[in-house]
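Subject: The structure you asked about

Hi,

Here is the structure I promised to pass on to you. Please open it alongside this message and follow along as you read.

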Amino acid sequence: MPANAPPLLLFDIDGTLMRKSGPHHRQVLIEAVRLITGLETTTDHIPVQGMLDRDILAWMLRDAGAGKALASRSMAAIVARAQELYAERCPDLRRKVCPGVRPLLQKITRRGIRMGLVTGNLSAIGWKKVERAGIKHHFSFGAFAEEGKDRATLAARAIAHARRNRWISRDSRIVLFGDHENDILAAKANGIRSVAVATGLSQPAALSELRPDFLLTDLRDCSLEEILS
């Protein structure tokens with residue numbers, strides 16, 4: 001990487017920056033659906049790990065018998081209400097930050113490297129999580145569930161945003177940190193480097209099968225110099 005090409009580091013939230021953050025996220029999705037549509041839903045049996053919130057909501061609505069017209073008509077209101085509810089209920093998440101995250105973010109910040117979020121969370125939910133975890137100040141932008149159809153699209157949006165703002169150049173090293181197979185696939189789809197961490201629900205063997213550039217037990221094992229080399 002040329003010396004004048006500033007790197008860009010992108011991070012997933014759940015399972016990567018923090019874990020076991022409580023039931024509040026799922027609960028607000030369920031309650032928002034009920035308040036807007038009157039339907040009783042659940043996230044049980046939905047493999048929410050690695051999914052985008054809008055896709056989770058669509059699955060919940062289908063399971064509850066909502067037709068396509070109702071789902072389409074009500075989605076924007078459900079998304080807005082869920083985010084309002086989460087802002088009211090998000091607990092203190094400082095103790096939920098994954099091992100090695102704080103020292104790594106501090107080191108990256110000291111070096112003046114730009115960091116962004118790429119997450120399946122809705123935007124207000126994602127920002128509230130990192131705020132309540134005490135790490136929001138490290139991140140200047142993000143790409144969230146309402147902005148794309150999948151994680152690859154979200155990563156592309158984040159990269160495009162950084163390019164428009166001239167934070168990175170053509171030769172910049174771009175790295176996506178995540179704990180799920182979908183994070184690795186998103187990095188590969190965008191031709192960027194992937195760092196997989198085994199701090200989420202995905203098993204190391206499953207992550208390894210997709211051949212991430214780096215596979216770490218947790219971010220205490222992260223060598224910034226090696227990842228950016």
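Below is what I found, taken one region at a time. Please keep in mind that this is a predicted model.

**Strand 4 and its neighbours**

A good place to begin is strand 4, residues 174–178. Five of its five residues are buried, so strand 4 is largely enclosed by the rest of the structure. In a regular strand, side chains alternate between the two faces of the sheet. Here both faces are covered: Ile-174, Leu-176 and Gly-178 are buried on one side, and Val-175 and Phe-177 are buried on the other.

Strand 4 has partners as well. Strand 1 (residues 8–11) runs parallel to strand 4 and is joined to it by four bridges; Leu-9 has Val-175 as its bridge partner there. Strand 5 (residues 193–197) is also parallel to strand 4, again with four bridges between them, and Gly-178 stands opposite Ala-196 of strand 5.

**Helix 3**

Next, have a look at helix 3, which covers residues 68–89. At 1.5 Å a residue, its 22 residues should span 32 Å, and the end C-alpha atoms are 30 Å apart, which agrees. The helix does have a kink of about 45°, centred on Met-75. Met-75 is also one of the buried residues of helix 3, a list that includes Ala-71, Ser-74, Ile-78 and Val-79, as well as Leu-85 and Tyr-86. Among the elements covering these buried residues are helix 1 (24–37), helix 2 (53–63) and helix 5.

**Asn-121**

Helix 5 (123–132) also helps you find Asn-121, which sits in the loop between strand 2 (114–118) and that helix. Is Asn-121 buried or exposed? With a relative accessibility of 3%, Asn-121 counts as buried, because the cut-off for buried is under 20%. Its side chain makes a polar contact of 2.8 Å with the side chain of Asp-14, and another of 3.3 Å with the side chain of Lys-129. Beyond its neighbours within four places in sequence, the residues in contact with Asn-121 include Ile-13, His-25, Asp-53, Phe-144 and Glu-146.

**Salt bridges**

Side chains of opposite charge can pair when their charged atoms come close. How many salt bridges does a search of the whole structure find? The search finds twelve, and three of them are worth showing you here.

One joins the side chains of Glu-225 and Lys-107, at 3.2 Å from N to O. Glu-225 lies in helix 9 (residues 224–228) and Lys-107 in helix 4 (residues 101–110), so the pair ties together parts that are 118 residues apart in sequence. Glu-225 is partly exposed, at 44% relative accessible area, and Lys-107 is partly exposed too, at 30%.

Glu-225 also forms a salt bridge with Arg-111, with the closest N and O atoms 3.5 Å apart. Arg-111 belongs to the loop between helix 4 and strand 2, so this pair links parts that are 114 residues apart in sequence. Arg-111 is partly exposed, with a relative accessible area of 46%.

The third joins Arg-151 and Asp-183, whose closest N and O atoms are 3.2 Å apart. Arg-151 lies in helix 6 (residues 151–164) and Asp-183 in helix 7 (residues 181–189), so parts 32 residues apart in sequence are tied together. Arg-151 and Asp-183 are both buried, and together with Asp-12 they are linked in a network of salt bridges.

Happy exploring, and do write back with any questions!

Best wishes

Methods. Residues are numbered from 1 along each chain as its sequence is written. This is a predicted model: local features need pLDDT of at least 70, side-chain atom pairs count only at pLDDT 80 or more; totals for chains, interfaces and linings use all residues. Side-chain values use heavy atoms; hydrogens and water are left out. Helices (H or I, at least four residues) and strands (E, at least two) are DSSP runs, numbered from the N terminus. Buried means under 20% relative accessible area, exposed over 50%, partly exposed in between (1.4 Å probe, protein chains only). A polar contact is a pair of N or O atoms within 3.5 Å; within protein, one must be able to donate a hydrogen and the other to accept it, and residues adjacent in sequence count only if both atoms are side-chain atoms. Contact means heavy atoms within 4.5 Å. The expected span of a helix is 1.5 Å times one less than its number of residues. The bend at a residue is the angle between axes fitted to the seven residues ending there and the seven starting there. A salt bridge is a side-chain nitrogen of Lys or Arg within 4 Å of a carboxyl oxygen of Asp or Glu. Two strands pair if DSSP finds at least two bridges between them.
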